[in-house]
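Q: I would like to learn how to read the contacts between a protein and DNA, one strand at a time. Could we work through an example together, beginning with a single contact?

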There are 2 protein chains.
Amino acid sequence: MGRPRDARRDVAILEATLSLLTELGYEQLSIEAVAGRSGAAKTTIYRRYRDKADLVAAAVDYRSHATPPSPAAVGLRENLLALAGWLAREIAEQEIGLLGALFAGMRGDPRLAEEMRRILRRDEAAMTDEPFRKAIGDGERLTPRAAELFAEIAPAVIVHRVVVAGEPCDERFVEHLVDDILLPLLLEGR
Amino acid sequence: MGRPRDARRDVAILEATLSLLTELGYEQLSIEAVAGRSGAAKTTIYRRYRDKADLVAAAVDYRSHATPPSPAAVGLRENLLALAGWLAREIAEQEIGLLGALFAGMRGDPRLAEEMRRILRRDEAAMTDEPFRKAIGDGERLTPRAAELFAEIAPAVIVHRVVVAGEPCDERFVEHLVDDILLPLLLEGR
DNA sequence: TCGATACGAAACGGTAGCGTATCGAAAGTG
DNA sequence: CACTTTCGATACGCTACCGTTTCGTATCGA
């Protein structure tokens, strides 16, 4: 009954939200700007989402899920380098604006905060589960809680470098991260 | 010549800025709110600071410099526990709102970003220099770059836990941080 | 005492976004 | 075709804050 909603409107709205979120940050993101960039009227947006927090949560949930590279290399060090390098690129190029924008937004909006943490946990799990299962399956001798340690340390150090230090995560840094921090901690013997 | 500026106004303005910054975040911080809470007129604020970025930079610079506890315990592990615990408390109770608020603000304001990084580096140095000099002086066998590693990892992991995971940095976590991450990395032999 | 400056209070015009309402046209369903 | 809902466009009143100006008063130095 009645005219059905246009799915392309949803896509346009959510992608406009993501790009604006990256550019401007959560606080400065306005529904009006989303309407402008997406080509949708404000009415169309308010019909779907109650307010900004609702819209942003939907947009972050919608964004293409991060899919880390499956470990194709031979050794553990090479796999770690690939995984950490991918993570660094992901954070630096795509996520940092989004993450940084959301850090502040989460504080004023507990509902958004909980949603964000749910999504971050999901991505973190997807990032560590399969690669480490693979590495362990290949007979690498890792610490029992290697996956948890990786997920706890690698994103933290990368984000700290990008946001606080303001320095790039180039290849040298990734090697430093793997050789000086991750490998010593994750290898069984230590 | 003429009436000199009242230093108590400065204090009131900067402290109001800091508390509001922690509560609301950078974007939502308004000069009017600072005027309201500090009891100063907007005129008085604009006479001192050109705009919000200028005010915030001054406030962050003013805030009482973090002074870590001098290592009073006996062993390296105890000193690390004290230092990491103090850092966790500092971040969780005071800084996190401020840091989180500034992450977003830094993006839109390169001037503020550079000032913030300068201040963060200063505090980081103050935090690591003396305690590690003391520990090394006590004859502990540390990795050459122990201080750098500590400054690179500890704040990053703590911030990640508080902001991303949204879980508290209780005593159990600090012990985990020291025993499972810091000690294995900082000890010379590994 | 006098001149200069700081101070609080208030008002100003301007900008921006909020969330709502109304309208006619479009696009489905039965 | 009749009905229902969506969509774009536009206007609305509202709120908040901006950065500036004006005014009367307070407080210093010379």
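A: Let us start with one atom pair, bearing in mind that this is a predicted model. A polar side-chain atom of Lys42(A) is placed 2.8 Å from a base oxygen of DNA strand C.

Q: Which elements give two or more residues to the surface near DNA strand C?

A: For DNA strand C, these elements are helix H2 (31-38) and H3 of chain A, together with H3 of chain B. H3(B) gives the most to this surface, with four residues.

Q: Which residues come nearest to DNA strand C?

A: There are 24 residues around DNA strand C, and those that come nearest are Lys42(A), Tyr46(A), Arg3(B), Thr44(B) and Arg48(B). By class, the surface near this strand has eight nonpolar, seven polar and nine charged residues.

Q: How should I read the part of DNA strand C that faces the protein, and what share of its atoms within 4 Å belongs to sugar or phosphate?

A: One asks which part of the nucleotide the atoms belong to. In DNA strand C, 59% of the atoms within 4 Å of the protein belong to sugar or phosphate, and the rest belong to bases. On the phosphate side, an N or O atom in the side chain of Thr44(B) is 2.6 Å from a phosphate oxygen of this strand, while the corresponding distance for a side-chain N or O atom of Arg9(B) is 3.3 Å.

Q: Turning to DNA strand D, which residues come nearest there?

A: Of the 22 residues around DNA strand D, the nearest are Gly2(A), Thr44(A), Arg48(A), Lys42(B) and Tyr46(B). Sugar and phosphate make up 62% of the atoms of DNA strand D that come within 4 Å of the protein.

Q: What polar atoms of the protein lie beside the phosphate oxygens of DNA strand D, and what lies beside a base oxygen?

A: Here it helps to separate backbone from side chain. A backbone N or O atom of Asp6(A) lies 2.9 Å from a phosphate oxygen of DNA strand D, and a polar backbone atom of Ala41(A) is 3.2 Å from a phosphate oxygen of that strand. At a base oxygen of DNA strand D, by contrast, the partner is a polar side-chain atom of Lys42(B), at 2.7 Å.

Q: Which element gives the most to the surface near DNA strand D?

A: H3(A) gives the most, with four residues. Helix H3 (42-48) of chain A, along with helix H2 (31-38) and helix H3 (42-48) of chain B, each supply at least two residues of this surface, whose residues divide into six nonpolar, seven polar and nine charged.

How values were computed:
Residues numbered from 1 in each chain as written. Chains lettered and ligands numbered in written order. Predicted model: local features only at pLDDT ≥ 70, side-chain atom pairs only at ≥ 80, totals over all residues. Heavy atoms only, no water. Near = heavy atom within 4 Å. Polar contact = N/O pair within 3.5 Å; in protein donor to acceptor, adjacent residues only side chain to side chain. Nonpolar A, V, L, I, M, F, W, Y, C, P; charged D, E, K, R; others polar.
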